[in-house]
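Trainee: I have just opened this entry and would like some help finding my way around. Could we begin with a helix contact?
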Amino acid sequence: MNAALGEAVRHGPAGPARIARGTVLAAATLTLMAPAIIAPSLPAMRTVFADVAGADVLVRLALTITSLAIGLSAPVAGLAADRLGRKPLLLGSLALYVVAGVGGYFTGGLAALLVTRALLGLAVGGIMTAISALITDWFDGPRRASFLGLQQASASLGGVLFLPLAGVLSAADWKAPFWIYAAGALVLPFAVIGLREQRRDSTSGAVTAMPGDTPTGIRWPIAGLYLLAFAVTLAFYMAPTQLPFLLTELRVGPALVGVVIAVTTLSSVLGALAFPALRSRWSSSLLTAASIALLGLGWVVVGTAHTVAQVVAGLLVGGFGVGLAVPNLNLRLSDLAPVAVRGRILSGLVTGIFLGQFLSPLLVQPLLRSAGIGGAFLWTGLAMIAGAALAFVALRKTN
């Protein structure tokens with residue numbers, strides 16, 4: 001009996017218990033925007049550490065090093081998920097999330113702070129890999145699509161809840177937002193009590209496969225999906241990194257900038273919630289192409305906008321596309337992945353997403369210099385629309 005069948009037998013036809021499902025969704029809220037929680041504190045941090053050599057760069061690195069650590073560590077988390085189990089990985093990652101996240105509050109220097117931020121990245125990579133593997137172990141078919149949509153909606157909702165709270169806390173004390181990471185301690189007991197995992201031995205679907213056990217025929221499709229995840233996230237992350245400057249050109253004040261950017265996150269929640277219904281009607285390749293095209297169309301609207309209302313309209317369209325894209329890519333990978341190496345294959349999606357976050361400002365910079373901020377959004381959007389057509393042609397063969 002393989003691991004997926006074992007999960008079905010253990011949980012029964014109704015699937016995992018409500019406490020298990022709720023725990024996974026609660027853990028998802030801790031992940032996607034975890035690096036950005038300290039963003040409101042960056043100006044104050046720059047002042048506090050002004051006497052440190054290279055402080056301007058190092059303070060920004062406190063934000064981006066977490067995304068880099070997530071991307072680089074995710075493959076190790078995938079290996080741990082397959083070798084040690086999903087639950088041990090999730091428990092260890094949640095504990096590290098709390099210790100490393102809140103630890104930033106107690107650091108006295110910038111170097112120590114950077115270490116805690118890197119460790120936080122290790123934790124987030126582990127959490128994301130573990131919960132994706134659990135979901136794909138628990139469900140298949142339409143139920144898997146539905147729950148992956150809920151996972152993405154929960155991850156986006158975490159940003160909606162935690163980022164405004166971080167802004168309020170940072171106004172009182174630049175270190176206060178680090179306490180938001182203590183939310184992981186609320187999830188941890190439920191993970192200990194509510195999650196059950198099949199024994200991983202030779203009679204119950206033990207995961208003993210080596211990385212080379214991935215069938216050769218699916219390696220190129222998997223690599224293509226990783227590349228799509230990287231490209232989508234790279235383009236999407238232009239919203240938090242470049243949009244404030246575009247809005248400044250439109251004479252939008254700082255308070256309204258946060259509200260406008262939040263529109264992107266809110267619309268991605270709506271896209272994720274709409275994903276299961278659309279997936280049941282459309283082919284996987286059509287849904288993939290449509291999600292990328294919507295992101296591209298949204299960015300074309302943003303790039304040609306002359307008013308804040310036009311920017312908001314573009315963000316609504318682009319955010320909806322991303323809300324569809326991430327669970328769809330996750331579903332395609334989980335359908336391709338053999339059970340024995342599922343954790344490792346799904347961890348590659350985490351790597352693609354967070355390397356896209358980390359590299360977005362760097363790779364977009366040449367375009368900004370040559371075309372300006374509006375032009376960068378416009379040309380990126382047109383490239384995404386063209387890429388959507390190519391993705392449809394390439395991916396329909398793997399439906």
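Mentor: Certainly. In helix 9, the residues P221, I222, L225, Y226, L228, A229, V232 and F236 meet G319, V322, A325, L329, R332, L333 and L336 in helix 13. Please keep in mind that this is a predicted model.

Trainee: How do the residues of the contact of helix 9 with helix 13 divide into nonpolar, polar and charged?
Mentor: They comprise 13 nonpolar residues, one polar and one charged.

Trainee: Within what distance do the axes of helix 9 and helix 13 come, and at what angle do they cross?
Mentor: The axes of helix 9, residues 219–236, and helix 13, residues 308–336, come within 10 Å. They cross at roughly 160°.

Trainee: Is helix 9 roughly parallel or roughly antiparallel to helix 13?
Mentor: Helix 9 is roughly antiparallel to helix 13, because angles over 145 degrees count as roughly antiparallel.

Trainee: And is the crossing left-handed or right-handed?
Mentor: Helix 9 passes helix 13 in a left-handed crossing.

Trainee: Let me change topic to the whole chain. How many helices and strands are there?
Mentor: The protein chain has 14 helices and zero strands. Read from the N terminus, the order of elements is α-α-α-α-α-α-α-α-α-α-α-α-α-α.

Trainee: What share of the residues counts as buried?
Mentor: Of the 399 residues in the protein chain, 54% count as buried.

Trainee: And what part of the contacts with a separation of 6 or more comes from residues 24 or more positions apart?
Mentor: Such residues account for 84% of those contacts in the protein chain.

Trainee: Now to single residues. Where is D137 placed?
Mentor: D137 is in helix 6, which covers residues 110–138.

Trainee: Why does D137 count as buried?
Mentor: Its relative accessibility is 5%, and buried means under 20% relative accessible area.

Trainee: Which side chain does the side chain of D137 join in a polar contact?
Mentor: The partner is R86, and the polar contact between the two side chains is 2.7 Å.

Trainee: How far apart are D137 and R342 in sequence and in space?
Mentor: D137 and R342 are separated by 205 residues in sequence, while their C-alpha atoms are 8.9 Å apart in space.

Trainee: One last residue: where does S360 lie, and is it buried or exposed?
Mentor: S360 lies in helix 14, residues 342–395. S360 is buried, with a relative accessible area of 0%.

Trainee: Which residues does S360 touch, not counting those up to four places away in sequence?
Mentor: With those set aside, S360 touches L234, Y237, M238 and T241.

Key: Residues numbered from 1 in each chain as written. Predicted model: local features only at pLDDT ≥ 70, side-chain atom pairs only at ≥ 80, totals over all residues. Heavy atoms only, no water. Axes fitted to C-alpha atoms, helices over the stretch in contact; angles between N-to-C directions. Helix = DSSP H or I, 4+ residues; strand = E, 2+ residues; numbered from the N terminus. Parallel < 35°, antiparallel > 145°, perpendicular 65-115°, else oblique. Left-handed = near helix turned anticlockwise from the far one by under 90°. Contact = heavy atoms within 4.5 Å. Nonpolar A, V, L, I, M, F, W, Y, C, P; charged D, E, K, R; others polar. Buried < 20%, exposed > 50% of the residue type's maximum accessible area, 1.4 Å probe, protein only. Polar contact = N/O pair within 3.5 Å; in protein donor to acceptor, adjacent residues only side chain to side chain.
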